[in-house]
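User: I would like to learn how to read the features of a protein–DNA model, one at a time. Please start with the packing of helices.

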Protein chains: 2
Amino acid sequence: MFDLPSLKIKARSGIYATGQERVVQILETAVEILIQDGFPSVTLREIARRMDIRVSAIHHYYSSRDDLILDVLSGVLSSYEEFFEGLRTASDLQPEERLRAFINAILDDILTLKTTRLFPELWALAGRDENVSRMIDAIYIRSRVLVTRCIAEINPALDLRTRENLALFLTASLEGVTIFAGHGKPWAGEMPQLKAIACDSLIAMVCNARPIADPDPDWRPPTLLDAASYVALTDPV
Amino acid sequence: MFDLPSLKIKARSGIYATGQERVVQILETAVEILIQDGFPSVTLREIARRMDIRVSAIHHYYSSRDDLILDVLSGVLSSYEEFFEGLRTASDLQPEERLRAFINAILDDILTLKTTRLFPELWALAGRDENVSRMIDAIYIRSRVLVTRCIAEINPALDLRTRENLALFLTASLEGVTIFAGHGKPWAGEMPQLKAIACDSLIAMVCNARPIADPDPDWRPPTLLDAASYVALTDPV
DNA sequence: TTCAATATTGGACACTTGACCTGCTTTCAA
DNA sequence: TTGAAAGCAGGTCAAGTGTCCAATATTGAA
């Protein structure tokens, strides 16, 4: 009924085993509420209610709600980081087929309840919170690493800026499908057809793209992150 | 600094002029808060604070907060309905150029603060509220009327289902750009390039699409609306 | 001008939320 | 086994919320 979120939990220092488990339980419960009922419902009391513990127990691990929420977001986004990392490494395919696999994987992921509910919440939150904006920026940069490389291999004539813009539009196109064909949305049943359309049109877009006439050698992809963080995300391992 | 939202206000019965104005002020203030600070900040007290009136004054017009919110959403979405209607009627262009104009208009609109803030909030809300889902479904159906007609004219060989799926993916692609290149987002500066990419790739998609082998004659576009409401939205006037 | 309909105030109510604090209980290394 | 650290219960607090109501002020047609 409800696919349990696989969170990546940040390590804590010198703690009893029971405490370690509690933190995991707290975060997982928070994500569960977030997915089922949205951000406003993620209150300390609702978490405590579902876990059948007292609010002060949560407060023992997180001195403020904001700290907790930050940990929740970080845990959620880390799990997607792993998802993208898995996509990137597990492909010995040709560039075009690799891109096709990426598109299909993203659109499959969009069909899950978790992604359908979570990302619109994050997009909305990003409009009001600079930290969330940066976290989302980071995760999407990670997701585009594979795409930009495929584009460079498929169409080597392209300049950096065109490559990056194509990757961005490709990613944006897929994310937009969440709104209409995500889990439980009216068009979810058409996802097989949409996948085919997305693959065909987006790969054709990459193949037929032409470099801009006078590329600016100083152009760099725009980001909310500082240069060092950006490089760390895009650097080949 | 802040583009004032043009709301379409529902008519009320037998009321003083001051009351008519108040309702407009209340709704406009609510939208202002919604855009600036997000949904959770739209409280009766925050509206009253900004208008320098008492909470009970608002309560005189809306017996519950839910009623008010519903009117806010309805007003906001009506304004977009007018936007789409204007796009549809004011174009004596060839189908391909009409589609190009649509894509550019949507991406221009995405650059506004209003749309960048509002729609992610609506998408998030749709995940938790069936009524909002239906309202959004309705407004996007309106927005696709023009697109589906252009597609039918550009590529007459296509069956209904392929046409509708193409229109959906095209719209989804554009909406997805909001997340990355909306007002104040990192890629907003690349919008001219993204517009060119979107136009080229999406129009090529429509031109090169091929009908499915064995179309189901009973297939109808999926929607949350009942049949009558759907027809009313798509029927040519 | 009159006066009933309408608009608005000011306050009260019950409820929720995050934060915090004191004291009891459990854990687990020394 | 012991005791300090960690976990947790129970309750309090101020600040916030939507709702409601009685009293007052304003409007505008008759």
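Analyst: Axes are lines fitted to C-alpha atoms, for helices over the stretch in contact, and angles run from 0 to 180 degrees between N-to-C directions. Two packed helices are described by the angle between their axes and the distance between the axes. The model here is predicted, so local features need pLDDT of at least 70 and side-chain atom pairs pLDDT 80 or more, while totals for chains, interfaces and linings use all residues; side-chain values use heavy atoms, without hydrogens and water. Residues are numbered from 1 along each chain as its sequence is written, with chains lettered from A and ligands numbered from 1 in the order in which they are written.

User: At what angle do helix 1 of chain A and helix 6 of chain A pack?

Analyst: The angle is about 85°, and the axes of helix 1 and helix 6 (residues 113–126) of chain A are 8 Å apart. Helix 1 of chain A is therefore roughly perpendicular to helix 6 of chain A (angles under 35 degrees count as roughly parallel, over 145 as roughly antiparallel, 65 to 115 as roughly perpendicular and the rest as oblique). Contact means heavy atoms within 4.5 Å. Helix 1 of chain A contributes Leu34(A), Ile35(A) and Gln36(A) to this contact, and helix 6 of chain A contributes Leu113(A), Lys114(A), Arg117(A), Leu118(A) and Glu121(A). By class, the contact has four nonpolar, one polar and three charged residues. Here Ala, Val, Leu, Ile, Met, Phe, Trp, Tyr, Cys and Pro count as nonpolar, Asp, Glu, Lys and Arg as charged, and the others, Gly among them, as polar.

User: How many helices and strands does chain A have?

Analyst: Helices (H or I, at least four residues) and strands (E, at least two) are DSSP runs, numbered from the N terminus. Chain A has ten helices and zero strands. The C-alpha trace of chain A spans about 65 × 40 × 35 Å along its principal axes.

User: How many residues of chain B are in contact with chain A, and what area is buried?

Analyst: Buried area is the accessible area (1.4 Å probe) that two parts lose on being put together, summed over both. In this model 45 residues of chain B are in contact with 45 residues of chain A. The buried area is about 4000 Å², with 71% given by carbon and sulfur atoms. On the chain B side, Phe169(B), Phe180(B) and Trp187(B) lose the most area to chain A, together 18% of what that side buries.

User: Which residues are closest to DNA strand D?

Analyst: A residue is near a strand if one of its heavy atoms lies within 4 Å of it. DNA strand D is surrounded by 24 residues, and Ile15(A), Ser56(A), Tyr61(A), Arg45(B) and Arg65(B) are the closest. Helix 3 of chain A gives the largest share of this surface, four residues. Of the strand D atoms within 4 Å of the protein, 61% belong to sugar or phosphate and the rest to bases.

User: Which base atoms of DNA strand D lie by polar side-chain atoms?

Analyst: A polar contact is a pair of N or O atoms within 3.5 Å; within protein, one must be able to donate a hydrogen and the other to accept it, and residues adjacent in sequence count only if both atoms are side-chain atoms. Tyr16(B) places a polar side-chain atom 2.9 Å from a base oxygen of DNA strand D, and Arg45(B) places one 2.7 Å from a base nitrogen. The side chain of Tyr61(A) has an N or O atom 2.6 Å from a phosphate oxygen of that strand.

User: Which residues are closest to DNA strand C?

Analyst: They are Arg45(A), Arg65(A), Ile15(B), Ser56(B) and Tyr61(B), among 23 residues that surround DNA strand C. A polar backbone atom of Arg65(A) is 2.7 Å from a phosphate oxygen of the strand. For Tyr61(B), an N or O atom of the side chain is 2.7 Å from a phosphate oxygen of DNA strand C.
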